[in-house]
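Me: I'd like a close look at one part of this model, with the reasoning spelled out. Here is what I'm working from.

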Amino acid sequence: MSPTRTTPCTIVIKLGTSSIVHEETHQPLLSTLSSVVETVVNLRKQGHKIVLVSSGAIGVGLKRMNVARKPKSLAGKQALAAIGQGRLIALYDELFGHLEQPIAQVLLTRGDISDRTRYLNAVNTLNELLSMGVVPIVNENDTISVSEIKFGDNDTLSAITSSMIHADYLFLLTDVDGLYTANPRKDPNAKQIEVVTSISAIRSQVSTTTLGSSLGTGGMETKIIAAEIATGAGVTTVITSSKRPEIMFTIIEYHNSLSVSTLAAESSEEFTIPLIRPPHTVFMPSLTPMRDLKAWTSHTLFPAGSVVIDAGAHRVLSRRESGGRLLAAGVVGVMGAFASGQAVRIVVRASDGDSATETPSAQPSRPASPRRLSIAIGTLSRSSSSGNLESPDIEAVSPSPQLGEDDVIEVGRGLAMYNYAQISKIRGLNSSHLAQVLGYADSEYVVENITIRVPPRPTEAK
């Protein structure tokens, strides 16, 4: 049995600023860009669908305006992005045009994909472009995006894009050929990590703080975050060097050979892998990837507020059979003001910290407002959850204590099925009483599509 020709895949390729523009002269790195373009076209000839996520607009803008370094002000960065983006896409169009490959420019902001309708429109557009044989070139719309330049290393955008189109591979092309235990430029003893199966475990083994360029806004840490998002959606993620983009052919063939070898072993057929492993780090995809709606909720939305849950609800939600749905009985209170359908954080009180373990995946998010947030804590008897409902008069609830961001721990995110006032009224109640309290009950769950990022401690998760 021999390896077959590569099966057509959907591939997202992310190219960083340091691979596009020289860090000091700001000249476009035409040799690298030409190699990437040629590789993309050859991948297309093999039947693969390709999306290119490209940084570099600000770097190109610096060259056009003869500015020595990237400005610190947001307005300055946005202006240079506006100047550079047109020239960058024109350069791509010229390079791809020589090989008769049509391209399309797709500019996105977090605001575009935080609205579910606009998110789905973006998904449909990308899929239609791919079906037409076009190579979409995606970048953040830095000119109008307030938060994107600060966050905008494009690593996260490439991961979200790969999730949107259900890609098979995400290639993060950078100036090193993989993830190392230390900075390989400075430490001769640095060792490359070839395979990552647990991102939370790998964070303690590697140095990620020294590999960003002065023109880019990211580094190796942002690539690990991107890998966490992409692998959670079932996308195989690879970090490798942009200096040899053609190595992507060998990497894909290598991993296909591994798959064929596994199948041969299961069928007792002889098979020998004929390939030497090319230098790269691969992050293996989750065996239970998130559904599209959960991935969208977890990674593309800024939460509008928070729902505080008790330790018991935390334990239940951490189990797969919960379906990621929260009953009112497990709600302790709410923080901030949010509407039905908006994303919310799922948090536990820090005083109940024995139920949660802080991990790197529990990334802090923006508070719902700059002031300290109030939490409505119910005084209704917990016996109400077993059917003995005492008078659920919201006016009779005792004054709410004040909790700030330091008083809670985020453990997950989801979509609210009711607004903050309604959830405040029905907190701690049995689902059978929702219609009695609210006058209607569209759902027996107060939050759905929950992704728990911080599980309870093993001693608590019984």
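How are helix 2 and helix 4 oriented to each other: parallel, perpendicular or oblique? Please walk me through that contact, and then through whatever else you can say about the backbone and burial elsewhere.

Reply: Keep in mind that this is a predicted model. Two packed helices are described by the angle between their axes and the distance between the axes. Here the pair is helix 2, residues 30-45, and helix 4, residues 74-98; their axes come within 10 Å and cross at roughly 55 degrees. That angle lies outside the 65 to 115 degrees that would count as roughly perpendicular and is not under 35 degrees either, so helix 2 and helix 4 are oblique to each other. As for handedness, the crossing is right-handed.

Now the side that does the touching. Helix 2 brings L30, L33, S34, V37, V40 and V41, and these meet L91, Y92, L95 and F96 of helix 4. Sorted by class, that contact has nine nonpolar residues, one polar and no charged ones.

Staying around these two helices, T39 has a partner from far along the chain: its C-alpha atom is separated by 9.5 Å from that of R244, although the two are 205 residues apart in sequence. R244 itself is found in the loop between strand 9 and helix 11, and with a relative accessible area of 45% it is partly exposed.

Past helix 4, in the loop that leads to strand 3, you'll find E100. Its phi is positive, about 60 degrees, and it isn't a glycine. Most residues other than glycine have a negative phi. E100 is exposed, because its relative accessible area is 72%. N449 in strand 18 also has a positive phi without being a glycine, near 50 degrees. N449, though, is buried, with a relative accessible area of 9%.

Helix 10, residues 220-232, is worth a quick sanity check. At 1.5 Å a residue its 13 residues should span 18 Å, and the end C-alpha atoms are 18 Å apart, so the two agree. Ten of the 13 residues are buried, so this helix is mostly covered; among them are M220, K223, I224 and I229. Just after helix 10, G234 takes a positive phi of about 90 degrees.

One last buried spot: T161 sits in helix 8 and has a relative accessible area of 0%, so it counts as buried. Leaving aside neighbours within four places in sequence, T161 is in contact with V12, V51, V53, L126 and V138.

Technical notes
Residues are numbered from 1 along each chain as its sequence is written. This is a predicted model: local features need pLDDT of at least 70, side-chain atom pairs count only at pLDDT 80 or more; totals for chains, interfaces and linings use all residues. Side-chain values use heavy atoms; hydrogens and water are left out. Axes are lines fitted to C-alpha atoms, for helices over the stretch in contact, and angles run from 0 to 180 degrees between N-to-C directions. Helices (H or I, at least four residues) and strands (E, at least two) are DSSP runs, numbered from the N terminus. Angles under 35 degrees count as roughly parallel, over 145 as roughly antiparallel, 65 to 115 as roughly perpendicular and the rest as oblique. A crossing is left-handed if the near helix is turned anticlockwise from the far one by less than a right angle, and right-handed if clockwise. Contact means heavy atoms within 4.5 Å. Ala, Val, Leu, Ile, Met, Phe, Trp, Tyr, Cys and Pro count as nonpolar, Asp, Glu, Lys and Arg as charged, and the others, Gly among them, as polar. The expected span of a helix is 1.5 Å times one less than its number of residues. Buried means under 20% relative accessible area, exposed over 50%, partly exposed in between (1.4 Å probe, protein chains only).
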